[in-house]
Number of protein chains: 2
Amino acid sequence: MAEKTKLWYLENFNLFSGMAQQSMEEMNRKSKMKTNKKKEIIYFPDERSDTIYILKEGKVKISRIAEDGRTTTMQLIGPGEIFGEGSILGQEKHENIAEVVEDAVICTISKDMFQEMMKDNPALNLKITKFIGFRLQTIQAHVEDLVFKNAQERIESFLKRYVKNFGKQMVDGWMVRPFLKHQEIADITATARQTVNMVLNELAEQDTIKYTRRFLQVKNTSWLN
Amino acid sequence: MAEKTKLWYLENFNLFSGMAQQSMEEMNRKSKMKTNKKKEIIYFPDERSDTIYILKEGKVKISRIAEDGRTTTMQLIGPGEIFGEGSILGQEKHENIAEVVEDAVICTISKDMFQEMMKDNPALNLKITKFIGFRLQTIQAHVEDLVFKNAQERIESFLKRYVKNFGKQMVDGWMVRPFLKHQEIADITATARQTVNMVLNELAEQDTIKYTRRFLQVKNTSWLN
DNA sequence: AATTTATTGTCAGGTTTCTGACAATAAATT
DNA sequence: AATTTATTGTCAGAAACCTGACAATAAATT
């Protein structure tokens, strides 16, 4: 496999699909690419937000911490998504923590340069706009889940989304690897670790899923809806 | 008091402050103004979203309904705020219901015209951008409240926000009028009507607030933080 | 003013889900 | 391979809050 240059990443990015060659090279000049290991923190709450981040590989977790130390995950960012979008929405500071949960390749570009590019690139502008709209919808769906669904339903519908977003279809159902710790699922679904354990084993019991600490396999595909 | 023309409203709108006279008149031509009575529905879920709404007077409630009929309020829109912003974020359909909860004066403009205006009006563009960022923050704060706060805390912090947003400062504390039904507060805070009742009476007990069905008064101002 | 309707007040279960505690297992380290 | 550490499995008890039921009060209607 050929070495992956930053331009290679940018070109394979649907955010930039259809962008002129010239703009592409401009983006390449103006952005930086970095590899971040698991557990690295990309930004903290209260840190100034003047950068936007584009994730090419890996996973990043966007979360919040309460004063008493409790934690909740707002969203999991996967390849092809941007984060830190608050910077282009005029937010001075980050409210969230962004932490790498699977070794990541991240492109960064200063909000000023990005906005400059958006100004004379309507296609990019439109894509960002749609992305923001999508983000807004996602968070509203999160609220809806918290209000209308019970713990078991929240856990199940998260698992479904997780598999659809990050899994691969195989002969014997869907497969995601690596899997998450129960505590991580609990943080995402606003439940307790023990409840996650219970739901997971119930699903395994009825042969809907099979899992170890390393992978999650959905055996009964119709469960995915 | 002079009759309120639409132009009068537009000019007193901070969304358009600093806008050129010419653009102002263009906006006036392109938008419509309407008065909506309490309980009128501005839009339903699944309705096409091709309009943006600017609220000058009154209150509008943005909410969601589950299949089983349960309801939750995502936000209360007050004078000076826009809603239906999904239209300019590329969302085909509304996910929410927008319902007038206090007789309202609403300006509407088609998303196409609005985007046209944004294109050659950087100041307007910036304001909308910031507004969207603010909306995103608000919803994230909603998630945070649901996860970290218990029912009592959610109700209290909603009351504080409500008073700060919609109340007037008086010699003897803050005053909001009209007040909300307990069920409405329950819908906003994702609690039960009876719990709202309990919290409200507890606060009245300790002389923090005083309320009837018509108004809410905060007697102990330090409670507001 | 009398009557009807809507909203608030109160209370007793009942449910859901969390907490804490510890054992069992798997993974990582030595 | 043996030992240490991290994660998962299991359970009992507790807390928070909801549900349902009905009475009391306020508002709206006649």
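This tour goes from one helix to the cavities and then to the two DNA strands. The model is a predicted one.

**Stop 1: helix H2 of chain B**

Select residues 21–30 of chain B, which form helix H2. Show the side chains. B:Ser23, B:Met24 and B:Met27 are buried here. Look down the axis: these residues lie on the same side of H2(B), because they cover an arc of only 105 degrees around it. Now turn to the face directed away from that buried side. There you find B:Gln22 and B:Arg29, both exposed.

**Stop 2: the largest cavity**

Four cavities of 30 Å³ or more are found. Start with the largest, which holds about 170 Å³ of space. To centre the view, select B:Tyr43, B:Glu85, B:Gly86, B:Gln91 and B:Asn96; of the 17 lining residues, these lie nearest the cavity centre. Next, switch to chain A and select helix H4, residues 122–148. This helix gives the most to the lining, with three residues. Colour the lining of the largest cavity by class: four residues are nonpolar, nine polar and four charged.

**Stop 3: the second largest cavity**

Move on to the second largest cavity, with a volume of about 150 Å³. Its lining has 18 residues, and A:Glu85, A:Gly86, A:Gln91, A:Asn96 and B:Gln140 are the closest to its centre. Which helix gives the most to this lining? Select residues 122–148 of chain B: helix H4 of that chain does, with three residues. By class, the lining of the second largest cavity has four nonpolar, 10 polar and four charged residues.

**Stop 4: DNA strand C**

Select DNA strand C and show the protein around it. There are 17 residues around this strand, and A:Asn150, A:Thr195, B:His182, B:Arg193 and B:Asn197 come nearest. Sugar or phosphate accounts for 65% of the strand C atoms within 4 Å of the protein, and bases for the rest.

Now step through three contacts to phosphate oxygens of strand C.

- A:Thr195: a polar side-chain atom lies 2.6 Å from a phosphate oxygen of DNA strand C.
- B:Lys181: an N or O atom of the side chain is 2.8 Å from a phosphate oxygen of DNA strand C.
- B:His182: here a polar backbone atom is 3.1 Å from a phosphate oxygen of DNA strand C.

Then select residues 193–205 in chains A and B. These are the H7 helices, the elements that give two or more residues to the surface near DNA strand C. H7(B) has the largest share, four residues. The surface near strand C has four nonpolar, eight polar and five charged residues.

**Stop 5: DNA strand D**

Switch to DNA strand D. Of the 17 residues around it, A:His182, A:Arg193, A:Asn197, B:Ala151 and B:Thr195 come nearest. Of the strand D atoms within 4 Å of the protein, 66% belong to sugar or phosphate, and the rest to bases.

Take B:Ala151: a polar backbone atom of this residue is 2.7 Å from a phosphate oxygen of DNA strand D. At B:Ala192, a backbone N or O atom lies 3.2 Å from a phosphate oxygen of DNA strand D. Which part of strand D lies 3.0 Å from a side-chain N or O atom of B:Gln194? A base oxygen does.

Finish with the H7 helices again. H7 of chain A and H7 of chain B each supply at least two residues of the surface near DNA strand D. At this strand H7(A) gives the most, with four residues. By class, the surface near DNA strand D has four nonpolar, eight polar and five charged residues.

How values were computed. Residues are numbered from 1 along each chain as its sequence is written. Chains are lettered from A and ligands numbered from 1 in the order in which they are written. This is a predicted model: local features need pLDDT of at least 70, side-chain atom pairs count only at pLDDT 80 or more; totals for chains, interfaces and linings use all residues. Side-chain values use heavy atoms; hydrogens and water are left out. Buried means under 20% relative accessible area, exposed over 50%, partly exposed in between (1.4 Å probe, protein chains only). The arc is that of the directions from the helix axis to the C-beta atoms. On a 1 Å grid over the protein atoms alone, a cavity is a set of points where a 1.4 Å probe fits but cannot get out, and a pocket is an open set with protein on both sides within 12 Å along at least five of seven lines; lining residues have an atom within 4 Å of a point. Grid points are joined across faces, edges and corners, and a volume is the space filled by probe spheres set on the points. Ala, Val, Leu, Ile, Met, Phe, Trp, Tyr, Cys and Pro count as nonpolar, Asp, Glu, Lys and Arg as charged, and the others, Gly among them, as polar. A residue is near a molecule or strand if one of its heavy atoms lies within 4 Å of it. A polar contact is a pair of N or O atoms within 3.5 Å; within protein, one must be able to donate a hydrogen and the other to accept it, and residues adjacent in sequence count only if both atoms are side-chain atoms.
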